[in-house]
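Let's take a walk through this model together. Have the sequence and the 3D view open, and turn the structure as we go.

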Protein chains: 2
Amino acid sequence: MNPQDRTYKDKKVISIGTVSELTGLTLRQIRYYEERKLISPYRNERGTRKYSFTDIETLMDIADKREDGVQTTEILREMRLKEKKRESEKDLKKRMLQGQLNAQFKLGRGN
Amino acid sequence: MNPQDRTYKDKKVISIGTVSELTGLTLRQIRYYEERKLISPYRNERGTRKYSFTDIETLMDIADKREDGVQTTEILREMRLKEKKRESEKDLKKRMLQGQLNAQFKLGRGN
DNA sequence: CGTGTAAGGAATTCTGACACG
DNA sequence: CGTGTAAGGAATTCTGACACG
């Protein structure tokens with residue numbers, strides 16, 4: 001995804017009522033999932049919660065899993081696992097790129 | 001831009017208070033620019049205005065022009081001109097692509 | 001023309017709590 | 001554990017209008 005677009009996807013500007021409409025979850029449920037650390041909305045000066053499109057996607061994932069009877073603790077575990085996986089993949093890519101660069105450097109020096 | 005991302009950029013989900021914070025415009029100004037047809041927010045069941053990130057970008061353009069003393073009527077004209085330009089460029093691309101395809105077809109038939 | 005403001009009403013959001021299971 | 005609900009207060013949003021220039 002274009003880095004410019006990420007700023008939109010991650011920008012926390014949507015109020016809880018709209019999130020409720022978009023996800024089909026009740027306000028109570030949305031607030032509860034925050035209490036269980038599954039999401040962390042931004043709070044404006046007044047204390048009103050503001051969500052991003054990413055938060056909404058996360059909530060829809062949560063809704064699916066809850067329907068399957070998965071508990072919030074378990075959902076949190078899964079989310080953290082996926083986070084780690086993404087990080088290690090990113091790390092792998094970085095190391096591969098570094099390897100490429102090193103090889104290039106040696107070749108350049110060899111000639 | 002990725003078509004998937006457009007759905008976020010154009011999704012009208014942001015309330016006027018947040019738009020005001022993001023653009024620095026007053027509620028009065030934002031509503032007035034709507035009256036002058038410069039933007040058209042979505043209205044939910046209750047009648048509350050909802051804006052997209054695209055609307056916000058448009059509003060920031062408007063703010064710049066207003067600062068330069070450009071009147072809303074003139075801004076509207078400019079916006080419509082740009083819209084037409086985009087459309088004719090799109091049209092040109094479409095016709096060029098069609099030309100490419102026709103050429104390919106003739107070549108294929110020729111062999 | 002573009003923007004401010006006071007007015008009155010209706011819907012939103014927040015928190016802490018009790019309830020049920 | 002996950003969710004519903006009533007409670008009270010504070011801030012939001014809406015419209016139509018008068019004001020100024």
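Which element gives the largest share of the surface near DNA strand C? The answer is H3(B), with four residues. Please keep in mind throughout that this is a predicted model.

Let's stay with DNA strand C for a while. There are 20 residues around this strand, and those that come nearest are Arg49(A), Thr26(B), Tyr32(B), Arg46(B) and Thr72(B). Both protein chains are represented in that list. Of the atoms of DNA strand C that come within 4 Å of the protein, 71% belong to sugar and phosphate. At least two residues of this surface come from each of helix H2 (16-23) and H3 of chain A, and likewise from H3 of chain B. If you colour the surface near DNA strand C by residue type, you should find three nonpolar, eight polar and nine charged residues.

Now zoom in on individual polar contacts with this strand. The side chain of Thr26(B) has an N or O atom 2.8 Å from a phosphate oxygen of DNA strand C. Thr72(B) uses a polar backbone atom instead, placed 2.7 Å from a phosphate oxygen of DNA strand C. With Arg66(B), the partner on DNA strand C is a sugar or linking oxygen, 3.2 Å from an N or O atom of the side chain.

Thr72(B) deserves a second look. You will find this residue in helix H5 (residues 72-110) of chain B. Is Thr72(B) buried or exposed? Its relative accessible area is 7%, and since buried means under 20%, Thr72(B) counts as buried. That value considers the protein chains only, so the DNA plays no part in it. Leaving aside residues up to four places away in sequence, Thr72(B) touches Tyr32(B), Tyr33(B), Arg36(B), Leu38(B) and Arg66(B). With one of these, Arg36(B), the side chain of Thr72(B) makes a polar contact of 3.3 Å.

Next, move over to DNA strand D. Here too 20 residues surround the strand, and the closest are Thr26(A), Tyr32(A), Arg46(A), Thr72(A) and Arg49(B). Sugar and phosphate make up 73% of the atoms of DNA strand D within 4 Å of the protein. Three side chains of chain A are good places to pause. Tyr32(A) has a polar side-chain atom 2.6 Å from a phosphate oxygen of DNA strand D. For Tyr33(A), the distance from a side-chain N or O atom to a phosphate oxygen of the strand is 2.9 Å, and for Arg36(A) the corresponding distance is 2.9 Å. The elements that give two or more residues to this surface are helix H3 (27-35) of chain A, along with helix H2 (16-23) and helix H3 (27-35) of chain B. Among them, H3(A) gives the most, with four residues. The surface near DNA strand D is made up of three nonpolar, eight polar and nine charged residues.

How are the two protein chains related? Chain B superposes on chain A after a rotation of 180° with 0.1 Å of shift along the axis, at an RMSD of 0.1 Å. The two copies are thus related as by a two-fold rotation axis. To find that axis from chain B, look for Ile14(B), whose C-alpha is the nearest of that chain at 2.8 Å. Both copies use the same surface, as 100% of the contact residues of chain B recur in chain A.

Let's finish with the aromatic rings. Over all chains there are five aromatic pairs. In the pair of Phe53(A) and Tyr8(B), the ring centres are 4.6 Å apart and the planes lie at 40°, so the pair is tilted. This pair crosses between chains, linking helix H4 (residues 53-67) of chain A to helix H1 (residues 3-9) of chain B. Phe53(A) and Tyr8(B) are both buried. Ring pairs also join Tyr8(A), Phe53(A), Tyr8(B) and Phe53(B) into a cluster.

Another pair to visit is Tyr32(B) with Tyr33(B), with centres 6.2 Å apart and planes at 55°, so this pair is tilted. Tyr32(B) counts as partly exposed at 30% relative accessibility, whereas Tyr33(B) is buried, with a relative accessible area of 4%.

Key. Residues are numbered from 1 along each chain as its sequence is written. Chains are lettered from A and ligands numbered from 1 in the order in which they are written. This is a predicted model: local features need pLDDT of at least 70, side-chain atom pairs count only at pLDDT 80 or more; totals for chains, interfaces and linings use all residues. Side-chain values use heavy atoms; hydrogens and water are left out. A residue is near a molecule or strand if one of its heavy atoms lies within 4 Å of it. A polar contact is a pair of N or O atoms within 3.5 Å; within protein, one must be able to donate a hydrogen and the other to accept it, and residues adjacent in sequence count only if both atoms are side-chain atoms. Ala, Val, Leu, Ile, Met, Phe, Trp, Tyr, Cys and Pro count as nonpolar, Asp, Glu, Lys and Arg as charged, and the others, Gly among them, as polar. Rings of Phe, Tyr and Trp (its six-membered ring) pair if their centres lie within 6.5 Å; planes under 30 degrees apart count as stacked, over 60 as edge-to-face and the rest as tilted. Buried means under 20% relative accessible area, exposed over 50%, partly exposed in between (1.4 Å probe, protein chains only). Copies are superposed by least squares on the C-alpha atoms of residues with pLDDT of at least 70 in both. Contact means heavy atoms within 4.5 Å.
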